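Biologist: Got a minute? I'd like to go through this structure with you.
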Amino acid sequence: MFVHTWATEVAPAYRAVLAQALQAHRAHELDAAERLYEQVLTLRAAQPDAMHYLGVLRHQQGRSKEAVEWIAAALKITPHHPDAHNNLGNIHKECGRLSEAESCYRRALECGPDHYNAQSNLAVVLEAQERLDEAFEAYGKLLQQAPRYAQGHYLMGLFLRSHAQHVQHMEQSAECFRTAHALDGGNVRALEALGISLYVLDRRDEAVQVYRDWLEREPDNPIPRHMLASCGGAPAPPRADDAYVRDTFDGFAESFDEQLLKNLGYRAPQVLADALAQVLPQPSGSLDVLDAGCGTGLCAPLMRPHARSLSGVDLSGGMVEKARQRGGYDMLDVAELTAFLAARPHAYDLVISADTLVYFGRLQDVLAAAHDALRPGGWLAFTLEANAGEEDRIELSPSGRYQHTRAYVERVVAAAGLQNARIASDTLRREGGQPVHGWVVLAQRG
Ligand SMILES: C[S@@+](CC[C@H](N)C(=O)[O-])C[C@H]1O[C@@H](n2cnc3c(N)ncnc32)[C@H](O)[C@@H]1O
């Protein structure tokens with residue numbers, strides 16, 4: 001996401017050190033890169049490239065305030081550097097300061113009108129601010145500017161699918177995903193997205209074919225295997241395979257742009273926090289809390305006031321890394337949730353799990369493990385996607401997530417030994433222009 005290119009003429013005395021710093025930075029050797037940038041700055045005070053990339057690095061270390069200061073200082077010296085404006089925008093965007101991010105991307109485009117990364121980022125922040133006409137125009141401009149940029153077609157496809165108002169939008173989204181994959185065979189997320197759009201368009205056989213062909217090319221890839229099951233082309237597993245979850249979310253974590261898009265209208269953490277406020281005492285920093293399937297850490301700021309200790313666990317190392325950058329946790333682990341809970345009896349006063357048990361079909365094992373991991377009187381709070389059926393059942397949906405009926409949830413919560421169950425229905429996010437309905441479940445260990 002961050003663009004590393006040379007910007008200014010570099011004098012020989014520190015050039016080699018700066019080159020080494022950039023190399024270490026690209027290789028994610030952050031400690032080495034930090035030392036080398038600092039060395040550049042002792043060799044030549046206020047060298048703007050070192051300041052700019054040290055700023056990028058500070059953000060990656062979770063020190064975003066300093067990051068902004070470094071890049072702003074670099075921009076005082078080289079005010080027409082589009083990459084620096086773009087990277088400053090990325091930091092604001094990742095910190096949720098969307099209008100500041102927008103200004104930075106606009107400045108990057110003033111300095112470098114062909115900077116398609118900035119154009120793409122501008123479209124994303126306009127969409128995230130729900131300025132949909134402007135976002136559509138910005139994505140269109142991106143495709144004009146860089147017609148062979150696969151990610152641009154992919155993002156346009158996601159935009160059309162997220163805000164589809166007519167069947168044509170969904171059809172256009174499928175075309176965008178097809179083009180994205182044709183331009184970049186490595187962009188398998190476009191293939192996954194294509195299958196979903198085809199399924200939603202009721203072209204189930206074509207969706208099945210997309211996944212079958214993909215699986216034939218890559219028989220060990222857990223993503224097409226899971227997605228084939230999700231559209232009825234193979235039996236559904238009892239829960240999403242660990243490898244599927246890891247691959248999906250590691251890929252997802254790499255692109256905060258996509259995350260912002262998918263999180264449009266995403267409310268699960270807030271909805272759980274509101275529900276918990278009705279059963280927990282006033283926040284007093286006294287509970288041991290686990291964020292189960294913490295992802296990038298969106299629950300952390302909501303749970304922190306209740307927590308004496310706040311732990312997070314997730315199967316995806318990429319997501320955990322983002323959570324670490326966001327901050328707020330005392331401990332973070334990369335592990336499978338059921339096994340993690342089972343190994344920690346009586347460890348928590350509260351276990352919260354937002355939009356994670358949707359990757360579990362059968363809930364019995366994970367709920368039993370959560371019960372045992374709670375102390376007596378402790379609360380478990382989680383969301384699920386709702387299947388509106390009356391009967392007791394689970395369904396794997398074409399999105400790759402499971403849906404549960406209320407009757408199923410009631411039965412398995414009780415079977416896990418949990419008490420005082422409250423199951424409310426709410427809207428958790430939007431998908432394909434439609435609200436996604438979910439269950440907000442609270443239950444207590446007796
Ligand atoms: C949609 S994200 C939600 C993340 C976060 N709770 C939030 O609300 O933003 C679902 C997360 O669940 C994690 N996950 C899914 N199945 C898991 C499992 N069996 N064990 C641990 N984490 C899992 C994924 O890696 C992913 O980060």
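Modeller: Sure, we can take the ligand, then the core, then a few single residues. Keep in mind that this is a predicted model.

Biologist: Ligand then. Which residues come nearest to it?
Modeller: There are 21 residues around the ligand. Those that come nearest are Tyr266, Gly293, Asp314, Glu336 and Ala354.

Biologist: What does Asp314 do with its polar side-chain atom?
Modeller: That atom lies 2.5 Å from an oxygen atom of the ligand.

Biologist: And Glu336, which ligand atom does its side chain reach?
Modeller: A nitrogen atom. A polar side-chain atom of Glu336 sits 2.7 Å from that nitrogen.

Biologist: What about Leu315: which of its atoms lies by the ligand?
Modeller: For Leu315 it's the backbone. One of its N or O backbone atoms is 3.2 Å from a nitrogen atom of the ligand.

Biologist: How much of the ligand does the protein bury?
Modeller: The protein buries 96% of the 600 Å² that the ligand exposes when taken alone.

Biologist: How does the shell around the ligand split by class?
Modeller: It has 13 nonpolar residues, four polar ones and four charged ones.

Biologist: Now the core. In the largest nonpolar core, which residues touch the most other members?
Modeller: Tyr154, Leu194, Tyr211 and Tyr244. That core has 34 residues.

Biologist: Which elements give two or more residues to this core?
Modeller: They are helices. The list is H9 (150-162), H10 (167-183), H11 (188-200), H12 (204-217), H13 (222-230) and H14 (242-254).

Biologist: Why does this core lie between domain 2 and domain 3?
Modeller: Because both domains give residues to it. Domain 2 covers 152-235 and domain 3 covers 262-445.

Biologist: Any general trend behind a core like that?
Modeller: Nonpolar side chains tend to be buried together in soluble globular proteins.

Biologist: Let's look at single residues. Where does Ala207 lie?
Modeller: In helix H12.

Biologist: Is Ala207 buried or exposed?
Modeller: Its relative accessible area is 0%. The cut-off for buried is under 20%, so Ala207 counts as buried.

Biologist: How far is Ala207 from Met227, C-alpha to C-alpha?
Modeller: The separation is 9.2 Å, with their positions 20 residues apart along the chain.

Biologist: And Ala381, where is that one found?
Modeller: In strand S5, residues 374-387. Ala381 is buried too, at 0% relative accessibility. Its C-alpha is 5.6 Å from that of Val441, though the two are 60 residues apart in sequence.

Biologist: Switch to Pro281. Buried or exposed?
Modeller: Exposed, at 56% relative accessible area. Exposed means over 50%, so Pro281 qualifies. Pro281 sits in the loop between helix H16 (268-277) and strand S1 (287-292).

Biologist: What separates Pro281 from Gln61?
Modeller: In space, 34 Å between C-alpha atoms. Along the chain, 220 residues.

Biologist: Backbone check. What is phi of Ala46?
Modeller: Near 60°, a positive value in a residue other than glycine. Ala46 lies in the loop between helix H2 (30-43) and helix H3 (48-60). Ala46 is partly exposed, at 42% relative accessibility.

Biologist: And what is phi of Asn420?
Modeller: It's near 50°, which is positive, and Asn420 isn't a glycine either. Asn420 is in strand S8, residues 418-431.

Biologist: How accessible is Asn420?
Modeller: At 48% relative accessibility, Asn420 counts as partly exposed.

Note on methods: Residues numbered from 1 in each chain as written. Predicted model: local features only at pLDDT ≥ 70, side-chain atom pairs only at ≥ 80, totals over all residues. Heavy atoms only, no water. Near = heavy atom within 4 Å. Polar contact = N/O pair within 3.5 Å; in protein donor to acceptor, adjacent residues only side chain to side chain. Areas by Shrake-Rupley, 256 points an atom, 1.4 Å probe, with all protein chains shown as cover. Nonpolar A, V, L, I, M, F, W, Y, C, P; charged D, E, K, R; others polar. Helix = DSSP H or I, 4+ residues; strand = E, 2+ residues; numbered from the N terminus. Buried < 20%, exposed > 50% of the residue type's maximum accessible area, 1.4 Å probe, protein only. Core = buried A, V, L, I, M, F, W, Y, C linked by side-chain atoms within 4.5 Å. Domains from an automatic or database assignment.
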